[in-house]
Amino acid sequence: MINLRYKLEPYLSYAQVLHFKKKDIIYRQGESGKGFYYLEQGGVKIVLLSDSGHERILDYIPIGTILGEHGASKSPYLTSAFATSPSILYYFSDEALTKMCKDHPEAAMIFTNSLIYKVRLLAELIAFHDSPVEQQMAHYLLKLIQIHENENIPIDQTSLARYVDTSRITVNKIVNNWKNSGIINFSHPGTIHITNINRLKEITNNSEHM
């Protein structure tokens, strides 16, 4: 995902600038899509809702990347997107996407690669769904390191619990164990600092957890 950041920036003239307040819904799972978005400023979380309405955080969108690709060509959105802070997004309608790709064929490849990444992300979620909570937590923290290009992850325990679909109490127990083992630390409230990435990888790949 890192090599896709800011790749669409040269083509923002094809899009409409939109402003969102914190907690605003950008698009909702299941509704018919009309285009996709590019995050210029702020923050967005991607949420997957079960049939019962249970919310699970799937991703945090880094600035300079696109979201809602699966809603292009009037396809239904596979997830929901919410602004986590006041945000500026560029909205590419289906018509804008068609024109952009016609004028700049390389932009079509950027869009396609981003869509493939999102499908893989959903596949990973399904693959890890039945894994132990500790393994799921390690996996998603490693993914967030990659997304944010930083070992300081801006996430609190409540959000992490929603990431792995478990209780905050369970997450707190594992987080404390990791802290005592020197795997993580807290640089300030709401931010987890990873101090031992290799140990997280070991937990993720441990065959005993599969």
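**Strand S3 and its partners**

Biologist: Which residue is the bridge partner of Tyr37 in S5?
Modeller: Happy to start there, with the reminder that this is a predicted model. Strand S5 covers residues 66-67 and pairs with S3 in the antiparallel sense, over two bridges. In S5, the partner of Tyr37 is Leu67.

Biologist: Good. How many bridges join strand S3 to strand S6?
Modeller: S3 spans residues 35-49 and S6 spans residues 80-93, and the two run antiparallel. One of their pairs sets Tyr38 against Tyr90 in S6. The number of bridges joining S3 to S6 is eleven.

Biologist: And which residue in S4 does Ile46 stand opposite?
Modeller: Strand S4, residues 55-61, pairs with S3 in the antiparallel sense through six bridges. Within S4, the residue opposite Ile46 is Asp59.

Biologist: Now to Lys45 in strand S3: is this residue buried or exposed?
Modeller: Leaving aside neighbours within four places in sequence, Lys45 is in contact with residues including Glu55, Ile57, Asp59, Phe82 and Arg162. Its relative accessible area is 17%. Buried means under 20%, so Lys45 counts as buried.

Biologist: Fair enough. Which strand has the lowest mean pLDDT among the elements of the protein?
Modeller: The protein as a whole averages a pLDDT of 86, and 93% of the residues score at least 70. Strand S1, residues 16-20, has the highest mean among the elements, at 98. Where pLDDT is low, the predicted coordinates should not be read in detail. The lowest mean, 80, belongs to residues 184-188, strand S8.

Technical notes:
Residues numbered from 1 in each chain as written. Predicted model: local features only at pLDDT ≥ 70, side-chain atom pairs only at ≥ 80, totals over all residues. Heavy atoms only, no water. Pairing = 2+ DSSP bridges. Helix = DSSP H or I, 4+ residues; strand = E, 2+ residues; numbered from the N terminus. Buried < 20%, exposed > 50% of the residue type's maximum accessible area, 1.4 Å probe, protein only. Contact = heavy atoms within 4.5 Å. pLDDT = per-residue confidence, 0-100.
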